[in-house]
Amino acid sequence: MAELQQLRAQEAVDSMMKSLERESIWKMQGLMYRCSAGCCEDSQASMQQALVTSELEKFQDSLARCTTHCNDKAKDSIDAGSKDLQVKWQLESCVTKCVDDHMNLTPTMTKKMKESLSSIGK
């Protein structure tokens, strides 16, 4: 079940990235390629890539911390003598909540990146 939640999160991020690429990144990359080597040294392009990379790393780190917390709670429950099936259900429920919470963050994260990418490109 955790694999399903991981897939859901990955699909949400993939969708967000495709949207960003279509609406912002490809346009800037097109400009860079047309400018040839001189444009490739433009700090704006590096800033765009760093911005997107940073935001995605924060998102991944936050999701990883949440799932690690779920794993810690499950381990504590096993150590306390809870039944395996109950612990498995609690773990799956916790991981599902993590993914749901983080998927709800993607529209805000997308908006923030689009605004930042737009301001860099000006």
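A residue counts as buried here when its relative accessible area is under 20%, and as exposed when that figure is over 50%, with partly exposed covering the range in between. Keep those cut-offs handy for a walk through this predicted model.

Let's start with the overall layout. The chain has three helices and zero strands, so in the order of elements from the N terminus you simply read α-α-α. Of its 122 residues, 30% are buried. Contacts tell you how the chain folds back on itself: among those with a separation of 6 or more, 81% join residues 24 or more positions apart. As for the surface, about 8,200 Å² is exposed, and carbon and sulfur atoms supply 55% of that area.

Now for the charged side chains. Searching the whole structure turns up six salt bridges, and a few of them are worth a visit.

Go to helix H2 first, which covers residues 43-79. Glutamate 55 and lysine 58 sit three residues apart in this helix, about one turn, and their side chains meet in a salt bridge with an N to O distance of 3.5 Å. How buried or exposed is each partner? Glutamate 55 has a relative accessible area of 9%, and because the cut-off for buried is under 20%, glutamate 55 falls in the buried class. Lysine 58, on the other hand, comes out at 46%, so lysine 58 is partly exposed.

Stay in helix H2 and move along to lysine 75 and aspartate 79. These two are four residues apart, which again puts about one helical turn between them. Their side chains form a salt bridge at 3.0 Å, N to O. Aspartate 79 has a relative accessibility of 55%, and since that is over 50%, aspartate 79 counts as exposed.

Next comes helix H3, residues 84-120. Here lysine 97 pairs with aspartate 101 in a salt bridge, with the closest N and O atoms 2.9 Å apart. Both residues belong to helix H3, with a spacing of four residues, or about one turn. At 34% relative accessible area, aspartate 101 is partly exposed, because that value lies between the 20% and 50% cut-offs.

One last stop takes us back to glutamate 55. Through salt bridges that share partners, Glu55, Lys58 and Lys112 are joined into one network. So which residue of this network have we already met as buried? That was glutamate 55, at 9%, while Lys58 was partly exposed at 46%.

How values were computed
Residues are numbered from 1 along each chain as its sequence is written. This is a predicted model: local features need pLDDT of at least 70, side-chain atom pairs count only at pLDDT 80 or more; totals for chains, interfaces and linings use all residues. Side-chain values use heavy atoms; hydrogens and water are left out. A salt bridge is a side-chain nitrogen of Lys or Arg within 4 Å of a carboxyl oxygen of Asp or Glu. Buried means under 20% relative accessible area, exposed over 50%, partly exposed in between (1.4 Å probe, protein chains only). Contact means heavy atoms within 4.5 Å. Accessible areas come from the Shrake-Rupley method with a 1.4 Å probe; for residues, only the protein chains shown count as cover.
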